[in-house]
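The following exercises concern the model shown below. Each task is followed by a worked solution.

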Amino acid sequence: MQADYELHKKSRKTLKNMGDLKAAVLCPDKEHLDEWLAVHTVDFFNHVNILYGSIGEFCTPQTCRIMTAGPKFEYLWAEDGSKRPVKLSAPEYVEKLFTWIQGLIDDENIFPVQPDAPFTKNFRDTIKQVLKRLFRVYAHMYYHHFDKIRGLGEEAHINTCFQHFFFFVDEFKLIDKRDMLPLEELTANLCLKK
């Protein structure tokens, strides 16, 4: 746990001092990449959890009957090992997602807390799945709740969190470009402008 805390401090220090989110996501020399991925994944989960929590009262089974990101993208929930995904309301999807991620984070076989404890051979596949699903929550919030986010004065916060998230997943190729199509225009404007 101490090693995770130190990596977290390095990450925050880089963000604070550099202000350059692209540089902040780079894994420092001599740091284990899986450790870097784990620390950031936990941070991204916490960011999305807090952001979604701020608009949760507006995202109800009545207002968001299906987990979508606009009219073209619908997300179904699949339990681990399930062959048949199910349609859920957005809040049900997000609740299942957050519970699933928290279970992974709490499992020391997947997210080791002891220094030098090994990561599983499929750790990066797990991280990719977590981040792909967290992206879906960002996409849902931007498409369906951005007015509420703006009304709460959280626009700059969600944009900065999303930029950090995007630069990280882009740097380490953690989400397929096809999975990021719902926010392609936003990403071009927010993250790819020169």
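**Exercise 1. Determine which element has the lowest mean pLDDT and which the highest.**

Solution. Helix H1 (residues 2–18) has the lowest mean pLDDT among the elements, 40, and H4 the highest, 97; pLDDT is the predictor's confidence in each residue, from 0 to 100. Next, consider residues 1–19: their pLDDT is below 50, yet this stretch has 23 contacts in the model beyond near neighbours in sequence, a contact being heavy atoms within 4.5 Å. Where pLDDT is low, predicted coordinates should not be read in detail. For the whole protein, the mean pLDDT is 88, and 89% of residues reach 70 or more.

The model is predicted, so local features need pLDDT of at least 70 and side-chain atom pairs count only at pLDDT 80 or more, while totals for chains, interfaces and linings use all residues. Residues are numbered from 1 along each chain as its sequence is written, and side-chain values use heavy atoms, with hydrogens and water left out.

**Exercise 2. State how many helices and strands the protein has.**

Solution. There are seven helices and zero strands, where helices (H or I, at least four residues) and strands (E, at least two) are DSSP runs numbered from the N terminus. The order of elements from the N terminus is α-α-α-α-α-α-α.

**Exercise 3. Compare the span of H4 with its expected value, then identify its buried residues and packing partners.**

Solution. The expected span is 1.5 Å times one less than the number of residues. For the 17 residues of H4 this gives 24 Å, and the end C-alpha atoms are 24 Å apart, so the two agree. The buried residues of H4 include Tyr93, Leu97, Trp100 and Leu104; buried means under 20% relative accessible area, exposed over 50%, and partly exposed in between (1.4 Å probe, protein chains only). The buried residues of H4 pack against H3 and H5.

**Exercise 4. Describe the largest nonpolar core and the contacts of Leu131.**

Solution. A nonpolar core is a set of buried Ala, Val, Leu, Ile, Met, Phe, Trp, Tyr and Cys residues joined through side-chain atoms within 4.5 Å. The largest one has 57 residues; Leu97, Leu131 and Phe165 are among those touching the most other members. Helices H3, H4, H5 and H6 each give two or more residues, and H5 provides the largest share, 13. Beyond four places in sequence, Leu131 touches Thr41, Phe44, Phe165, Val169, Leu174 and Ile175.

**Exercise 5. Is Thr126 buried or exposed?**

Solution. Thr126 lies in helix H5. Its relative accessible area is 15%, so Thr126 is buried. Leaving aside neighbours within four places in sequence, Thr126 is in contact with Leu104 and Ile110.
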